[in-house]
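Please walk me through this structure in plain prose. I would like to know what its interior is built from and how individual residues fit around it.

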Amino acid sequence: MLSEIEGTLLPGLPWGEISFDNVLDHYEQACITLQRGPAGQLYLTWWNDMDDAVERWICLPLSKARLQAILSGEVPPRKAMDHPEDGYVIVVDIDLETDTALRTVKTTTAALPQDSLPRPEASLIMPMPATL
């Protein structure tokens, strides 16, 4: 069973429903995706952990400029998570059977198991999605 994350419980996903239309990286399954909220807010999401029933994702709200800095390798993902533009990350637990969000929490990376986060020296270098 995944540990409960401390923070502010949200009523659901800030971007509506789960979509894997913009998968930026994968390894046997999607592991980094880009989501867009109804008002255009971008969320870079990382697969974080799972157990038999639940999959956990870390979602970072960010601007297009910050996304470009992360994808170019200029800003490491861990630094972006530890110092988010909006001051928080969102942790989403998804039911593996129904693909629905069970719990959505607004928090910081300090509330997450540190060994489940990207290593501080890890970087992403990938092209900016053309759909932006």
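Leu124 is a useful place to enter this predicted model. Leaving out residues up to four places away in sequence, Leu124 touches Ile32, Trp46, Ile70, Leu71, Ser72, Gly73 and Pro77. Separate from the largest nonpolar core there is another core, of eight residues, which includes Trp15, Tyr43, Cys59 and Ile94.

The largest nonpolar core itself holds 24 residues. Leu124 is among those with the most contacts inside this core, together with Leu44, Trp46, Leu67 and Ile70. Two or more residues each are given to this core by strand E3 (30–36), strand E4 (42–50), strand E5 (54–62), helix H1 (64–71), H2 and E6. Of these elements, H1 supplies the largest share, four residues.

Helix H1 deserves a closer look. Its buried residues are Arg66, Leu67, Ala69, Ile70 and Leu71. Just after H1 comes Gly73, with a positive phi of about 90°. Gly73 is also one of the residues that Leu124 touches.

Another residue touched by Leu124 is Ile32, which belongs to strand E3. Is Ile32 buried or exposed? Ile32 has a relative accessible area of 6% and is therefore buried, since the limit for that class is under 20%. Lys106 is 74 residues from Ile32 in sequence, and the two C-alpha atoms are 19 Å apart.

The cysteines come next. Cys59, one of the residues of the eight-residue core, has a relative accessibility of 1% and so counts as buried. How many disulfides are there? The count is zero. The sulfur of Cys31 has its closest cysteine sulfur in Cys59, 14 Å away, which is too far for a bond because a disulfide needs the two sulfur atoms within 2.5 Å. Seen from the other side, the closest cysteine sulfur to that of Cys59 is in Cys31, again at 14 Å and too far for a bond.

Strand E7 (residues 101–107) contains Thr107 and also Thr104. Thr104 is buried, with a relative accessible area of 2%. Not counting residues up to four places away in sequence, Thr104 touches Thr8, Leu9, Leu10, Gly12, Leu13, Ile90, Val91 and Val92. Thr107 is buried as well, at 8% relative accessibility. Once neighbours within four places in sequence are set aside, the contacts of Thr107 are Ile5, Glu6, Gly7, Tyr88, Val89 and Val91. With Glu6 there is a polar contact: the side chain of Thr107 reaches the backbone oxygen of Glu6 at 2.7 Å.

Tyr88, a contact of Thr107, lies in the loop between helix H2 (77–82) and strand E6 (89–95). Beyond its neighbours within four places in sequence, Tyr88 is in contact with Leu60, Pro61, Lys106 and Thr107. Tyr88 and Gly7 are 81 residues apart along the chain, yet their C-alpha atoms are separated by 9.7 Å.

What sits over the ring of Tyr88? It is the charged end of Lys106, 4.5 Å from the ring centre. Pairs between two aromatic rings are another matter. Such a pair is described by the distance of the centres and the angle of the planes. A search of the whole structure for aromatic pairs finds zero.

Two further residues give a view away from the buried positions. Asp99 lies in the loop between E6 and E7. Asp99 has a positive phi of about 55° although it is not a glycine. With a relative accessible area of 52%, Asp99 is exposed, because that class begins over 50%.

Met50, in strand E4, is partly exposed, with a relative accessible area of 37%. Apart from neighbours within four places in sequence, Met50 is in contact with Leu2, Glu55 and Leu96. Leu71, one of the buried residues of H1, is 21 residues from Met50 along the chain, and their C-alpha atoms are separated by 25 Å.

Conventions. Residues numbered from 1 in each chain as written. Predicted model: local features only at pLDDT ≥ 70, side-chain atom pairs only at ≥ 80, totals over all residues. Heavy atoms only, no water. Phe/Tyr/Trp six-rings, centres within 6.5 Å; stacked < 30°, edge-to-face > 60°. Lys NZ or Arg CZ within 6 Å of the ring centre and 35° of its normal. Buried < 20%, exposed > 50% of the residue type's maximum accessible area, 1.4 Å probe, protein only. Polar contact = N/O pair within 3.5 Å; in protein donor to acceptor, adjacent residues only side chain to side chain. Contact = heavy atoms within 4.5 Å. Core = buried A, V, L, I, M, F, W, Y, C linked by side-chain atoms within 4.5 Å.
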